[in-house]
Amino acid sequence: MFFLSEIEHTLRLPPHLLNQPLNDAIKGELGSLFLDKVIEKLGLCVSVYDIRSIKGGFVFPGDGASTYTVSFRLVMFRPFVGEVISARLKESTKDGLRLSLGFFDDIYVPVPLLASPNHSEPDPGLKDGVRWVWEYDGVNYPIDGTDEIRFRVHNVSYPPIPLDQRNDSDEKELEQKVSKPFAPMVVTGSIDSDGLGPISWWV
Amino acid sequence: MKILESSAGALTNFEVLDLLRSRGAGKDPTCVIASVSPSEFKVFDYLEQTAACNQTKEIVHKFVDECKKYDLAKAEILNVVNMRPSSAVEVYTIIEECDSRMEEKIDEFVETIAQILPPPPSQEQPGEENAESKEESKEETAN
């Protein structure tokens with residue numbers, strides 16, 4: 001789930017941090033720059049692991065801040081295909097399930113990857129919600145939000161940043177686009193196998 | 001920004017939890033003002049609920065040594081340490097081609113897991129209830 005990635009970056013250290021010890025100031029700057037951000041192909045940055053080397057410290061003309069070339073390691077959240085992760089149900093719609101890990105919410109289980117055979121029934125508790133039920137041996141097993149759901153990672157994709165296309169779209173389409181915020185990293189999971197799905201099914 | 005090495009090593013959940021704990025994250029509300037940002041805290045919250053919260057370095061090393069005789073891939077050992085399967089069904093999910101590679105050794109493997117890796121907090125409660133009921137039945141038979 002978590003990997004270390006080594007990155008080199010040219011960092012501008014703002015002058016108001018000059019009174020702090022160098023390592024702490026650079027760690028703080030790196031944190032504010034990379035923490036909770038997605039780097040393509042590397043995943044979601046969770047934490048700064050350590051600083052390997054700091055070079056430079058030059059002040060460029062016209063600038064009050066010093067610039068350092070820092071090489072450091074970050075702890076990245078990058079699930080690999082085939083990994084089994086347990087998460088909580090966030091929402092359940094007609095397109096499938098959406099699961100959440102607390103720090104990462106964009107895990108989708110689309111309908112083809114749900115446990116089959118299954119059927120859906122409208123859930124009165126949720127707005128636009130649909131509850132999915134797995135049929136096995138004549139017994140119905142519903143997927144509700146009570147316990148953790150185990151899923152296997154099927155695919156991890158990094159969709160490109162959408163360009164602003166206000167010229168062509170109508171107002172309705174604009175509203176739909178705005179309601180779903182852009183997700184820079186999307187994990188697609190599957191629960192179509194033995195041992196996957198809510199833990200209560202298998203205990 | 002230049003990526004020097006995209007994958008410099010895989011970390012188990014326990015290692016990340018250890019890192020966050022050494023920075024000062026903790027479960028009590030007093031530890032909130034530490035050098036741990038809110039997003040790191042969310043990761044810490046998630047990891048505390050998994051099996052990693054009860055593990056130590058010695059336990060993980062011992063388990064990896066035991067796994068050598070089962071010929072498992074590194075990713076599979078990582079998955080097992082993170083997930084801590086408690087039954088054969090869960091082992092089937094994690095390990096590919098389980099039937100052909102493990103055959104009868106599956107039960108032995110589940111036993112090894114149960115002995116070396118401590119259970120996650122969600123699984124401990126039913127275990128305690130069982131222990132209490134066993135003690136009660138022992139007292140009844142003694143009387």
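**A sheet shared by two chains, and a pocket in chain B**

Visitor: In what order do the five strands of the open sheet stand in this predicted model?

Guide: The model is a predicted one. Five strands make up an open sheet, with antiparallel pairing. Their order is 2(A)-3(A)-4(A)-1(A)-1(B).

Visitor: Which strands stand at the edges of the sheet?

Guide: An edge strand has a single partner strand, so one side of it is left without a neighbour in the sheet. This applies to strand 2 (38–39) of chain A and strand 1 (2–11) of chain B.

Visitor: Which residue of strand 4 of chain A is the bridge partner of A:Thr10?

Guide: Strand 1 (residues 2–13) and strand 4 (residues 66–77) of chain A pair in the antiparallel sense over twelve bridges. In strand 4 of chain A, the partner of A:Thr10 is A:Thr69.

Visitor: What angle does the direction of helix 2 of chain B make with that of strand 3 of chain A?

Guide: Helix 1 (residues 13–23) of chain B lies across strands 1, 3 (43–59) and 4 of chain A and strand 1 of chain B, at about 55° to strand 3 of chain A. Helix 2 (residues 38–48) of chain B also packs on the sheet, touching strand 1 and strand 3 of chain A. Its angle with strand 3 of chain A is about 145°.

Visitor: How many residues lining the second largest pocket are nonpolar?

Guide: This pocket holds about 470 Å³ of space. Its lining has 22 residues, and among those closest to the centre are B:Leu11 and B:Val60. Strand 1, helix 1, helix 3 (57–67) and helix 4 (74–83) of chain B each give two or more residues to the lining. Five lining residues are charged, two are polar, and the nonpolar ones number 15.

How values were computed
Residues are numbered from 1 along each chain as its sequence is written. Chains are lettered from A and ligands numbered from 1 in the order in which they are written. This is a predicted model: local features need pLDDT of at least 70, side-chain atom pairs count only at pLDDT 80 or more; totals for chains, interfaces and linings use all residues. Side-chain values use heavy atoms; hydrogens and water are left out. Two strands pair if DSSP finds at least two bridges between them. Helices (H or I, at least four residues) and strands (E, at least two) are DSSP runs, numbered from the N terminus. Contact means heavy atoms within 4.5 Å. Axes are lines fitted to C-alpha atoms, for helices over the stretch in contact, and angles run from 0 to 180 degrees between N-to-C directions. On a 1 Å grid over the protein atoms alone, a cavity is a set of points where a 1.4 Å probe fits but cannot get out, and a pocket is an open set with protein on both sides within 12 Å along at least five of seven lines; lining residues have an atom within 4 Å of a point. Grid points are joined across faces, edges and corners, and a volume is the space filled by probe spheres set on the points. Ala, Val, Leu, Ile, Met, Phe, Trp, Tyr, Cys and Pro count as nonpolar, Asp, Glu, Lys and Arg as charged, and the others, Gly among them, as polar.
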